[in-house]
Amino acid sequence: MADTTSLEIPADLALVAEEKGISLDVVRRALALGFPADAIKGQLSLPDATAEAAEAFVAEQERIRAGGEITVPQELKAVADEHGWPEALVKRALALGAAADFIGNQIKAGIPPDIAERFIAQQEAAREGGMASTLDLSWMKVPTEWGIRVRPGKKGLTVGMLNVSTYADIPDIWPYQTEMPRGAYPLAGVPAMGYTIYEKAELWADNAADLYEEAIQRRWRPSTDIHWETLEELPDEVERAMCQLCTHICERALLSGDVIGRWLPEMSYGYHEVKLYLSTAAYDAAQHFDVFRKRAMSNGGGMGMQSPGYFHRGIIDTRAWTEASIVLHILSNSFLMGLFQLGEYVAHNEAESNIFRFSMQGLARQLAYGTGHLKYFLSKKLDRRGEIHAYLNKAEAVFAFEEERDVPLREALIILLGGGKGNDEVVDGVRKLEYFRRRWVRDYLARLSAAGIDRREKLHPYLRQFAAEPAPVPA
Amino acid sequence: MTQEIRTKATFPSVEWFKAIGEIVNGDDGYNRIGTCDATVGFKFPDLQKNFRLTFEAFEVADVREVSEVEAESTDFWLEMPFERWKEMLENIKANGKADLHHTLNTIDIEIPEGFARSNDGYRRDAFYRFNQTFQYFFDVTARIDTEFA
């Protein structure tokens, strides 16, 4: 027997052995046989582990290691024969120190002998040459570009900065149907993920990576960043109007999250910048829902009335991402940005001012993505400009239909802008609402124009009435 | 914003904008808002003066007096009569920050052409995307003594 007295026993293993009354000499002999300390500790920790069983096991392993005959218990041999396990394989498992009961259970569980053989061979190799010799390592020869060393800039290490060398190649058509990240090496036989958008023009925006970083950098917390303590009691009709506006925005936010969530799984992995940005846009939508619901329920009011929903269904029912994006991000969000501006303008306290100002930022990123995507789409699909107008013709018509029927929102805005529901206040509110409509329609047209769409002549008649320059705002 | 900085500068001037830039560049509150990348013009038609500020990452990276064309070759520019600028800054000084009637957004709405203007509907949205940063920048003006030209 080899001299094992110099083998060091880890303190936790020694403690377990002492608790079980197992001599440290037996533990050292087990270590000398090549069993890992953690494995020995695990075995000794079992409820039925005794000093006698440990001594018997170690002695048997020493006998086998010294060239002694391995005897397969009769019951185990019967199980092995029944499941087609060769006796030699069972003996190799026993030689590795596996208990007969354990081997029998593995055989009965249906592990085929060829799989078991691979595992046993790996364990034998580990015992002979250490675990390192068992590694395959052929994956290290993967033919991707190596030696990339991107350094942080003023804004840290951003997603956009990783687009260097061949990793900057963003193909017009992504050829893989799996979840393989761009730049990785494809594995044959991986099942398709069912994406439907494989063409860059159908989702790309040059600003997507920057918008993602911007969203991550400019996070804020509705629960603590808003000065909720500045809320104060408002006249009943004003509180109700503010709560109605908040209810409307909550509904819009949920819709926005749903639309993005519906389309994200359709987008292939080749364009991760867009997927990353849109995941933050979904988060922004959740945050908008969060903060406006909190406002509605923190000043003596509550939630208001649901909107008719025609326009919402119009957005959800879009059949292509580009259509969904221009309707949601440019048309719907131009209107929503107008509401946010209006909300900040009529804010009665710092909390409300903060809510609308913070929220503007995430919404503006969505506008930027929508405009950026439309611009890229049109630069690649010169023949599809008419299609964009067709999408907008339909969406603007449904928007107009919705606006005319959403009496609660319209009246809430009039009360907020006029400051109450008295006659003079309503007259003032109506005038100011007209002014706001002109502003958001102007901004909507300007965004489309920046993307390459001149919409002035094709604008829906309902919106066209607001398309002139805004008159001075009433005092 | 409790930091006391005894700086005196005349508005509008490169020195004045630089003084504000130096304050925000070392300010934790400004950093916490997040990165901001935008070029912003400042136009004072009645004074025939124009400036351009470059906001980059966590700092105001550049301030310079420029021509009107250069001020307009930005993401957006801020423009209103000098007296209105003065009123805004005096309000900020008096309150420590803009009150509800003097925020950038409120002033933008009150001016039919907009306080924030641009030749590009996409680039103008930087005004909204980084609104908290720009508001903070102006609120910081409460920390210096501004003399008006």
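# Close-up views of a predicted two-chain model

Counted over all chains, the structure has 48 salt bridges. The model is a predicted one, and the legends below take up selected sites in turn.

**View 1. A salt bridge between two helices of chain A.** Arg357(A) and Glu344(A) are joined through their side chains by a salt bridge, with 3.5 Å from N to O. Arg357(A) belongs to helix α15 (residues 350-380) and Glu344(A) to helix α14 (residues 321-345), so the bridge ties together parts of chain A that are 13 residues apart in sequence. Both partners, Arg357(A) and Glu344(A), are buried.

**View 2. A salt bridge between two loops of chain B.** A salt bridge of 2.8 Å, N to O, connects the side chains of Arg123(B) and Asp75(B). Arg123(B) is found in the loop between β6 and α6, and Asp75(B) in the loop between α3 (68-72) and β5 (76-79); the pair therefore ties together parts of chain B that are 48 residues apart in sequence. The partners differ in burial class: Arg123(B) is partly exposed, at 30% relative accessible area, whereas Asp75(B) is buried, at 14%.

**View 3. Tyr122(B) and its contacts in chains A and B.** Tyr122(B) is located in the loop between β6 (116-117) and α6 (126-129) of chain B. Its relative accessibility is 22%, so Tyr122(B) counts as partly exposed. Apart from neighbours within four places in sequence, the residues in contact with Tyr122(B) are Asn207(A), Ala368(A), Thr371(A) and Ala450(A) from chain A, together with Arg129(B) from chain B. The C-alpha atoms of Tyr122(B) and Asp75(B) are 8.5 Å apart in space, while the two residues are 47 apart in sequence. Asp75(B) is also the salt-bridge partner of Arg123(B).

**View 4. Further salt bridges in chain B.** Arg64(B) and Asp62(B) form a salt bridge in which the closest N and O atoms are 2.7 Å apart. Arg64(B) is partly exposed, with 40% relative accessible area, and Asp62(B) is likewise partly exposed, at 23%. A network of salt bridges links Lys43(B), Glu68(B), Glu72(B), Glu79(B) and Arg117(B).

**View 5. A buried arginine without a salt bridge.** Arg252(A) is placed in helix α11 (residues 236-263) of chain A. Although buried, Arg252(A) has no salt bridge. Its nearest side chain of opposite charge is that of Glu402(A), 5.7 Å away; a salt bridge needs the nitrogen within 4 Å of a carboxyl oxygen, so this pair does not qualify. Leaving out residues up to four places away in sequence, Arg252(A) touches Phe311(A), His312(A), Ser332(A), Phe335(A), Leu336(A) and Phe399(A).

**View 6. Two aromatic pairs between loops of chain A.** Over all chains, the count of aromatic pairs is 44. One of them is the tilted pair of Tyr195(A) and Tyr269(A), with 5.7 Å centre to centre and 35° between the planes. This pair links distant parts of the chain, 74 residues apart: Tyr195(A) is in the loop between α8 (113-129) and α9 (208-217), and Tyr269(A) is in the loop between α11 and α12 (272-296). Tyr195(A) is buried, at 9% relative accessible area, whereas Tyr269(A) is partly exposed, at 30%. Trp204(A) and Tyr271(A) form an edge-to-face pair, 6.3 Å centre to centre with 65° between the planes. Here too distant parts of the chain are linked, with Trp204(A) in the loop between α8 and α9 and Tyr271(A) in the loop between α11 and α12, 67 residues apart. Trp204(A) and Tyr271(A) are both buried.

**View 7. Arginines over aromatic rings in chain A.** Arg405(A) has its charged end over the ring of Phe401(A), 3.4 Å from the ring centre. Arg262(A) lies over the face of Trp263(A), and here the distance to the ring centre is 4.3 Å.

**View 8. Cysteines of chain A without disulfides.** The number of disulfides over all chains is 0. For Cys243(A), the nearest cysteine sulfur belongs to Cys246(A), 6.0 Å away, and Cys243(A) is in no disulfide. Cys243(A) is buried, at 4% relative accessibility. Cys246(A) also holds the cysteine sulfur closest to that of Cys250(A), and at 6.7 Å the two are too far apart for a bond. Cys250(A) is buried as well, with a relative accessible area of 2%.

Conventions
Residues are numbered from 1 along each chain as its sequence is written. Chains are lettered from A and ligands numbered from 1 in the order in which they are written. This is a predicted model: local features need pLDDT of at least 70, side-chain atom pairs count only at pLDDT 80 or more; totals for chains, interfaces and linings use all residues. Side-chain values use heavy atoms; hydrogens and water are left out. Helices (H or I, at least four residues) and strands (E, at least two) are DSSP runs, numbered from the N terminus. Buried means under 20% relative accessible area, exposed over 50%, partly exposed in between (1.4 Å probe, protein chains only). Lys and Arg count as positive and Asp and Glu as negative; His and the chain ends are not counted. Contact means heavy atoms within 4.5 Å. Rings of Phe, Tyr and Trp (its six-membered ring) pair if their centres lie within 6.5 Å; planes under 30 degrees apart count as stacked, over 60 as edge-to-face and the rest as tilted. A charge sits over a ring if NZ of Lys or CZ of Arg is within 6 Å of the ring centre and within 35 degrees of the ring normal. A disulfide is a pair of cysteine sulfur atoms within 2.5 Å.
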